[in-house]
Amino acid sequence: MASDTPESLMALCTDFCLRNLDGTLGYLLDKETLRLHPDIFLPSEICDRLVNEYVELVNAACNFEPHESFFSLFSDPRSTRLTRIHLREDLVQDQDLEAIRKQDLVELYLTNCEKLSAKSLQTLRSFSHTLVSLSLFGCANIFYEEENPGGCEDECLVNPTCQVLVKDFTFEGFSRLRFLNLGRMIDGVPVESLLRPLSSLAALDLSGIQTSDAAFLTQWKDSLVSLVLYNMDLSDDHIRVILTGARVGRHLDISRDRLSSYYKFKLTRKVLSLFVQKLGNLMSLDISGHMILENCSISKMDEEAGQTSIEPSKSSIMPFRALKRPLQFLGLFETSLCRLTHIPAYKVSGDKNEEQVLNAIEAYTEHRPEITSRAINLLFDIARIERCNQLLRALKLVITALKCHKYDKNIQVTGSAALFYLTNSEYRSEQSIKLRRQVIQVVLNGMESYQEVTVQRNCCLTLCNFSIPEELEFQYRRVNELLLSILNPTRQDESIQRIAVHLCNALVCQVDNDHKEAVGKMGFVVTMLKLIQKKLLDKICDQVMEFSWSALWNITDETPDNCEMFLNFNGMKLFLDCLKEFPEKQELHRNMLGLLGNVARGEGTAAQLMTSQLSVNLLESKADGIEVSYNACGVLSHIMFDGPEAWGICEPQREEVEERMWAAIQSWDINSRRNINYRSFEPILRLLPQGISPVSQHWATWALYNLVSVYPDKYCPLLIKEGGLPLLKDMIKMATARQETKEMAR
């Protein structure tokens, strides 16, 4: 089972400071600009964590608001030191890098920061004397600057936003740079001249960059340890340079996305053999997505018998039998080779089994969402059809992918679908509270940031796997706001509507009155009434209609403000219209009358509830056992309790209805099992110490007798706790109480 260990003190302090910047680390200058308190001096370990955690909060926690001048807190290296920071997405702009230009950065990862322009290239020069690792992955506009007023020169490439491509920037002066990622850089940047000044690169990532001549790679033949050429359109010349010129040391990635475009190059048995022969120190190789032109595998007849082995001598991939030792990692995702029996690697990415699929998600999440989404889809099938054996690892990987790519449709669709199966009751015992809360947060993030039907449906279904409201209480307001926003559009998908109404109902079923009143103010009552009105216009009584009335029943329980809202927004008219339109719907009637019972208890509302249909048509109903009749009688008991003056209609007369109520109560089986849940007896107990309406007193006594007889363990303590016994004893002494009522009370 996953651990429920608390967060470290460092993590808690970091989170608190970031959520209260102007009250902890800094102060507001001119009510908008953050400045660091002059007596604060922070080492790099703390500063790095503050910045990196800030980026995580902005990208993953939708309730966290970024501060425009956050990076200005770290502008002076005399009081704050930054060394290793990871920034991502549109959060980062040119002025943010400019604010920290005086810092001696050693590691700077910029991932998909599309708002950065060529101004940030000049800022990068400020870090040239210290920078060891730099990633500009997906920073598509960082090589663009604003077009000159005189217009573009002929040799400049122009992008759709009327900016021109910078061609004269190089890494001149970056003498310490060893690790560089230029993945998904914009077409047209002269890679060779850009990189020429770097004399001793150890790791280079050129994912998605197309270059016909790879000869420039040979300049690092004595230093290059890792080379990534993912989705580069390879040729025999590229392979020759890799094998003889660049002489890659430990990690080579020539994988591709097999769906992105047509590739002329095919991997052959000869090429794989050359990798093994020429790259003797290779520890990691990724050839995912490639079509293998020749048969590289051993036939089933010739395969070594026995258990699966990673020993090169037993390898089912013939060229890899020449390996000196098993590879640490071998990428075979979406290739035929991953399905072989003996693969000489400790970790293999592929689509054969759960282990390979999880390895693929782990390896490709950060920079290859197109591959990751397909791997998560395979995990979805495993969780749906089979049993997931590495549940905790699977959950953590999917959570990471959803956080990392919250605006990627495919990731959000497949990830939210996988979460539904990974959080069902079968796996619950293996999941800690902390992990389940992480799932809830990432689900709510998806609902908040991606308004797509499939994502919304998957997220709502996943929430149904949790104990409601208990497990959602830590995000109670947020989840209610999201569900109400889903239910507002009238064109909403029917299945999402049904699930969202069910969740809304569950969320207000067993919570305190403060929660109910807060949700009512969010528009809960009005939203439910709108749903009912739409269904009424369509003449449809389905689960949405029934759940909506049930939700109103729950949210109006002991909450006068919500009851008043129901009346003010034509709730009574909808009540009567539904009775008329759906006279045979028993479950609907039970929910409607339960709601009306709540509303009837409110002071001053009795007159608005007076309808002949309510008293005459439903008292004798046998629908849903005794529930419809019981609730109708309960509503009328509260109206009778308000006295004769509250009875504002001529027909039927108050006395006639009283007789019908007596008859109805006497027809009920005192041992009836109930489809009802009382959290408090207060609404019933208030009917005991009074002589205005003996029938109301009798209904209340019958209700208590039934509940404590059929469910003694649950309701006897409640009756004692809320002072019911003295009230019953006092009632027995009252002259106005009927004899049968007194007998039941005894």
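The following legends describe close-up views of a predicted model.

**Figure 1. Confidence of the predicted model, with attention to residues 149-160.** The mean pLDDT of the protein is 87, and 92% of the residues reach a score of at least 70. Residues 149-160 have a pLDDT below 50. In the model, this stretch makes 14 contacts beyond near neighbours in sequence.

**Figure 2. Surroundings of C139 in the loop between β5 and β6.** The loop that holds C139 runs between β5 (133-135) and β6 (144-146). C139 counts as buried because its relative accessibility is 3%, where the limit for a buried residue is under 20%. Leaving aside residues up to four places away in sequence, C139 is in contact with L110, N112 and C113. The C-alpha atoms of C139 and C113 are 4.9 Å apart, with a sequence separation of 26 residues.

**Figure 3. S309 in the loop between β12 and β13.** S309 follows β12 (284-286) and precedes β13 in the chain, within the connecting loop. With a relative accessibility of 12%, S309 is classed as buried. The residues touched by S309, not counting those up to four places away in sequence, are K314, H342 and I343. S309 and V635 are separated by 326 residues in sequence, and their C-alpha atoms by 74 Å in space.

**Figure 4. E334, a buried residue with positive phi.** Although E334 is not a glycine, its phi is positive, at about 55°. The residue is located in the loop that connects β13 (327-331) to β14 (345-349). E334 has a relative accessibility of 14% and therefore counts as buried.

**Figure 5. Helix α8 and the elements that cover its buried residues.** Helix α8 spans residues 354-364, and 8 of its 11 residues are buried, so that the helix is mostly covered. The buried positions are E354, Q356, V357, L358, N359, A360, I361 and Y364. These residues pack against the strands β12, β13 and β14, and also against the helices α9 (369-385) and α10. At the start of α8, the backbone nitrogen of E355 lies within 3.3 Å of a side-chain oxygen of N353.

**Figure 6. Packing of helices α10 and α11.** The axes of α10 (residues 391-404) and α11 are 10 Å apart, and the two helices pack at an angle of about 150°. This angle is over 145 degrees, and α10 and α11 are therefore roughly antiparallel to each other. Their crossing is left-handed. On the α10 side, the contact is formed by L391, A394, L395, V398, A401 and L402. On the α11 side, the residues met are I411, Q412, G415, S416, L419 and L422.

**Figure 7. Helix α13, its N-terminal cap and its covering helices.** Helix α13 comprises residues 453-463. Its buried residues are V455, Q456, N458, C459, C460, T462 and L463. The elements that cover these buried residues include α11 (409-422), α12 (433-449), α14 (476-487) and α15 (494-507). The N-terminal end of α13 is capped by E452, a side-chain oxygen of which lies 2.8 Å from the backbone nitrogen of T454.

**Figure 8. The cis peptide bond between I468 and P469.** The peptide bond joining I468 and P469 is cis, with omega at about 10°. P469 belongs to the loop between α13 and α14.

**Figure 9. Packing of helices α14 and α17.** The axes of α14 and α17 come within 10 Å of each other and cross at roughly 30°. This angle is under 35 degrees, and α14 and α17 are therefore roughly parallel to each other. The crossing of α14 past α17 is left-handed. From α14, N480, L484 and L487 take part in the contact. Their counterparts in α17 are F524, T527, M528 and L531.

**Figure 10. K539, an exposed residue with positive phi.** K539 is not a glycine, yet its phi is positive, at about 55°. The residue is part of the loop between α17 (524-537) and α18 (543-555). The relative accessible area of K539 is 56%, and K539 is therefore exposed, the limit being over 50%.

Conventions: Residues are numbered from 1 along each chain as its sequence is written. This is a predicted model: local features need pLDDT of at least 70, side-chain atom pairs count only at pLDDT 80 or more; totals for chains, interfaces and linings use all residues. Side-chain values use heavy atoms; hydrogens and water are left out. Buried means under 20% relative accessible area, exposed over 50%, partly exposed in between (1.4 Å probe, protein chains only). Helices (H or I, at least four residues) and strands (E, at least two) are DSSP runs, numbered from the N terminus. Contact means heavy atoms within 4.5 Å. A polar contact is a pair of N or O atoms within 3.5 Å; within protein, one must be able to donate a hydrogen and the other to accept it, and residues adjacent in sequence count only if both atoms are side-chain atoms. pLDDT is the predictor's confidence in each residue, from 0 to 100. Axes are lines fitted to C-alpha atoms, for helices over the stretch in contact, and angles run from 0 to 180 degrees between N-to-C directions. Angles under 35 degrees count as roughly parallel, over 145 as roughly antiparallel, 65 to 115 as roughly perpendicular and the rest as oblique. A crossing is left-handed if the near helix is turned anticlockwise from the far one by less than a right angle, and right-handed if clockwise.
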